[in-house]
Amino acid sequence: MIMIRLENASKTYQTRHGQVRALDRVSLHINEGEFVVVRGPSGSGKTTLLLSIGGMLQPTEGRVLIKNSDLYAVSKKQRARFRAENIGFVFQLFHLVPYLNIIENVLLPVGVGRSQYGQEDAKKLLDRLKLMERMFHKPAELSAGEKQRTAIARAMLKNPKIILADEPTGNLDPENSEEIIRHLVEFHSRGGTVIVVTHGKAVDRYAGRVVHLKKGQINEP
Amino acid sequence: MTTSRLILKEILQRKLNFLLSLMAIVIAAALFVSFFTTGEASKNETIRLMRDIGFNLRIIPEKTNMEKFWRAGFSELTMPESHVYELASHGGISYAHLTAILQKKVIWQDREIFLTGIAPEISPPGKKKTPMIFSIDQGNVYIGFEISQSLGLRKGDIIDIFGKPFTIAQSLSESGSVDDIRIYAHLHDVQSLLNMESQINEIKALQCLCLVDNENMNSQEMLRDQLAKILPDAKVILIQNIATARESQRIMAERYFGFIIPFVVIVCMSWIGILAMLNVRERRQEIGIMRALGYGSSKIGALFLGKAVLIGLIGAVLGFGIGTGLALKFGPAIFKVTASMITPQIKLLYWAVIVSPAVCALSFFIPSMIAVAQDPAITLREE
């Protein structure tokens with residue numbers, strides 16, 4: 001069953017140096033439970049594609065459909081709710097909130113709308129991600145690998161249908177990279193849809209499909 | 001994670017930003033509280049000081065034709081001299097100087113002059129005051145500048161007025177007024193010369209105040225009311241310049257407050273606004289990730305406005321305490337007359353608790369809107 005479909009999606013940015021076409025008539029579908037890697041060099045439009053799928057960046061042209069519903073045809077508020085309930089984000093720079101400790105960072109998504117998830121779920125996740133001892137530490141006191149595991153725990157807390165990961169291993173050593181990928185694979189094995197954008201090949205072997213992006217265009221082999 | 005918990009955690013993380021914002025509102029609130037706490041005393045002190053100057057009055061016979069009075073400069077009617085003593089001895093009126101006058105325009109040495117009889121000034125019981133007008137002994141006269149110049153008269157000369165000899169005790173310098181054609185003598189001498197024994201046509205009362213309190217009247221009305229009871233056949237003319245000066249003083253004080261208040265508010269709001277702006281810049285990625293997690297505009301806005309309200313509330317309480325402390329410590333030394341009026345004004349705390357959070361929220365408004373409007377797709381890509 002198709003989970004995500006992009007139909008001729010284009011995104012143009014206006015910069016001081018003129019227009020930049022980050023996505024150029026991209027058409028792509030991703031099935032439910034699929035593990036997809038979007039690979040391409042820096043500036044190829046990978047992050048733009050990911051944020052568009054995540055409902056955070058409206059394409060200039062074309063459509064993004066999630067389960068056949070146009071993601072950008074609804075209000076911002078509805079899109080935010082959809083994101084809160086269905087999508088988990090993992091970023092290269094972790095983006096943890098510096099003044100919250102680890103368990104509070106993991107619980108951050110609970111602050112949106114009504115949630116059945118709470119502290120016990122957060123603790124189970126931290127246990128699974130080997131972060132129990134760091135539960136009350138601030139992000140500044142953690143290693144890069146621990147920070148990214150915290151970000152993964154935060155992304156997984158509300159048991160989303162999709163995880164969108166933007167260069168999740170970009171700031172990690174090989175050992176920590178492997179561990180992060182392993183957690184993403186575990187999420188996928190439980191039926192979740194994973195889209196990882198990266199410029200490296202480390203994740204390719206876990207992916208069901210690798211999509212190549214170059215100058216904003218899909219270049220599937 | 002509740003909004004209030006997020007606000008508290010952020011404050012604890014970025015203490016300096018919070019303390020600087022708090023300092024701005026504490027300074028503003030303390031300034032207002034000390035201003036208003038001492039301001040009441042200042043206002044009352046001004047009123048008291050100005051009121052103590054009192055009113056300068058001319059009391060003339062009630063049936064005086066005022067058109068003629070203003071034209072001639074005196075009343076053609078008379079009233080008993082005893083009126084001045086009745087007024088002096090009445091307990092309901094305080095005064096600094098009282099004097100009875102009889103004056104008339106007469107022809108003397110082929111010229112029109114004002115012959116003015118002045119009784120010795122009456123001072124309040126127990127208070128020896130320097131005479132505000134003249135104190136002329138019987139048999140002596142003071143002559144105006146124009147008369148002395150035109151007739152070549154000097155101090156010590158003896159002149160004849162209507163058959164009676166008088167010694168010139170003083171030749172007055174030029175006044176540029178009708179006083180230059182005036183001869184002043186003792187009241188009783190003038191009464192005798194004009195055959196108007198025990199009669200006067202004016203009482204001059206300087207720094208006159210009503211001592212009977214009536215909440216429904218201002219001090220001027222009270223004084224007129226009281227005088228009407230003491231001297232029913234007299235009317236009172238208020239010499240306006242003192243009243244005008246008092247009014248000007250009040251208006252000036254109000255304008256000063258009117259200038260300083262908006263100035264302080266604007267400076268503090270700008271200060272808080274700049275700090276809020278820096279706070280928003282520092283939290284761009286945090287706002288971005290919250291957006292990615294599904295936080296809406298109202299929740300993001302609430303994080304900033306909630307912080308503003310908290311700063312306002314704490315600032316109000318601290319500002320009230322500090323402002324009151326400063327007023328109590330330094331106020332009595334400045335406002336000596338009304339020092340006892342400098343007391344903690346609890347109503348200012350209520351005002352501060354309402355106004356300070358509102359001012360803070362207003363200062364945070366633009367930065368909050370900028371935070372809400374930030375595009376997370378841009379901030380999350382920033383390194």
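**Exercise 1.** Describe how α10(B) and helix α11 (residues 346–373) of chain B pack.

*Solution.* Start with the geometry: the two helices pack at an angle of about 150°, with their axes 7 Å apart. Axes here are lines fitted to C-alpha atoms over the stretch in contact, and angles run from 0 to 180 degrees between N-to-C directions. Next, classify: α10(B) is therefore roughly antiparallel to α11(B) (under 35 degrees is roughly parallel, over 145 roughly antiparallel, 65 to 115 roughly perpendicular, the rest oblique). Then the handedness: α10(B) passes α11(B) in a right-handed crossing (the near helix is turned clockwise from the far one by less than a right angle; anticlockwise is left-handed). Last, the chemistry: the contact residues divide into 22 nonpolar, five polar and one charged.

This is a predicted model: local features need pLDDT of at least 70, side-chain atom pairs count only at pLDDT 80 or more, and totals for chains, interfaces and linings use all residues. Residues are numbered from 1 along each chain as its sequence is written, chains are lettered from A in the order in which they are written, and side-chain values use heavy atoms, without hydrogens and water.

**Exercise 2.** Classify the packing of helix α1 (residues 3–13) of chain B against helix α10 (residues 297–334) of chain B.

*Solution.* The angle is about 60° and the axes lie 9 Å apart. The pair is therefore oblique. The crossing is right-handed. From α1(B), the contact (heavy atoms within 4.5 Å) takes B:T3, B:L6, B:I7, B:L8, B:E10 and B:I11. From α10(B) come B:K299, B:A302, B:L303, B:G306, B:K307 and B:L310. Sorted by type, these residues give seven nonpolar, two polar and three charged.

**Exercise 3.** Find the buried residues of helix α4 (residues 82–89) of chain B, and place them around the axis.

*Solution.* List them: B:H83, B:V84, B:L87 and B:A88 (buried is under 20% relative accessible area, exposed over 50%, partly exposed in between, with a 1.4 Å probe and protein chains only). They span an arc of only 135° around the axis, so they sit on the same side of α4(B).

**Exercise 4.** Place A:T193 within chain A.

*Solution.* Begin with the chain: chain A has six helices and ten strands. Of its 221 residues, 56% count as buried. Now the residue: A:T193 is found in strand β8 (residues 193–198). Its relative accessibility is 0%, so A:T193 counts as buried. Leaving aside neighbours within four places in sequence, the contacts of A:T193 include A:M3, A:I30, A:K161, A:I163 and A:F187.

Methods: Helix = DSSP H or I, 4+ residues; strand = E, 2+ residues; numbered from the N terminus. Nonpolar A, V, L, I, M, F, W, Y, C, P; charged D, E, K, R; others polar. Arc of directions from axis to C-beta.
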